[in-house]
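Me: I would like to work through a protein structure by question and answer. Please take each point in turn and explain the reasoning.

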Amino acid sequence: QVQLVESGGGSVQPGGSLRLSCATSRSIFSSYTMGWYRQAPGKQRELVARITSGGGRVYADSVQGRFTISRDNAKNTVYLQMNSLRPEDTAVYYCNALTIYLTNRAEYWGQGTQVTVSS
């Protein structure tokens, strides 16, 4: 049973910061691309940021320059540092682990953590 354990969500005022964490097993972390997605009420789930096992990063345009994804290989944990938060960043944030090899795909999701940005 693969587990992605998220933490760090909460409520913050606009302009504030939060850091999300997602821990998993070493076997997953070492070879999977790790990512963060979010889903706001009434909207589809969207990619926020992802980082490959080699450290390559991709960000959504809406968070570029404000959010930073990183991974700690010693702790098997991926982080999402969120700065300059805006009300439109309010959503449930999900950790994701993905690997694709030839025609084989394996993907896992965390349980989600709520982020609320409001004054």
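Me: Is Val 58 buried, partly exposed or exposed?
Reply: The model is a predicted one. Buried means under 20% relative accessible area and exposed means over 50%. Val 58 has a relative accessibility of 35%, so this residue counts as partly exposed.

Me: In which strand is Val 58 found, and with which residues is Val 58 in contact, leaving aside its neighbours within four places in sequence?
Reply: Val 58 belongs to strand E6, which covers residues 57-59. Contact means heavy atoms within 4.5 Å. With neighbours within four places in sequence left aside, the contacts of Val 58 are Leu 47, Val 48, Ala 49 and Arg 50.

Me: What separates the C-alpha atoms of Val 58 and Gly 9?
Reply: Along the chain, Val 58 and Gly 9 are 49 residues apart. In space, the separation of their C-alpha atoms is 21 Å.

Me: Which residues does the disulfide join?
Reply: The structure holds one disulfide. Its S to S distance is 2.0 Å, and a disulfide is a pair of cysteine sulfur atoms within 2.5 Å. The residues joined are Cys 22 and Cys 95.

Me: Which strands hold Cys 22 and Cys 95, and how many residues apart are they?
Reply: The disulfide links distant parts of the chain. Cys 22 lies in strand E3 (residues 18-23) and Cys 95 in strand E9 (residues 91-101). Along the chain, the two cysteines are apart by 73 residues.

Me: Is the link of Cys 22 and Cys 95 left-handed or right-handed?
Reply: The angle about the S-S bond is the value to consider, and here it is -85°. With that angle, the link of Cys 22 and Cys 95 is left-handed.

Me: Why does Cys 22 count as buried?
Reply: The cut-off for buried is under 20% relative accessible area. Cys 95 counts as buried because its relative accessibility is 0%. Cys 22 likewise counts as buried because its relative accessibility is 0%.

Me: How many helices and strands does the chain have?
Reply: From the N terminus on, the elements run β-β-β-α-β-β-β-β-β-β-β-β. Counted by type, they are one helix and eleven strands.

Me: What is the radius of gyration of the chain?
Reply: For 119 residues the globule rule gives 14 Å, and the chain is close to that value, so it is as compact as a globular protein of that length. The radius of gyration of the chain is 14 Å.

Technical notes. Residues numbered from 1 in each chain as written. Predicted model: local features only at pLDDT ≥ 70, side-chain atom pairs only at ≥ 80, totals over all residues. Heavy atoms only, no water. Helix = DSSP H or I, 4+ residues; strand = E, 2+ residues; numbered from the N terminus. Rg over C-alpha atoms; globule rule 2.2 N^0.38 Å. Buried < 20%, exposed > 50% of the residue type's maximum accessible area, 1.4 Å probe, protein only.
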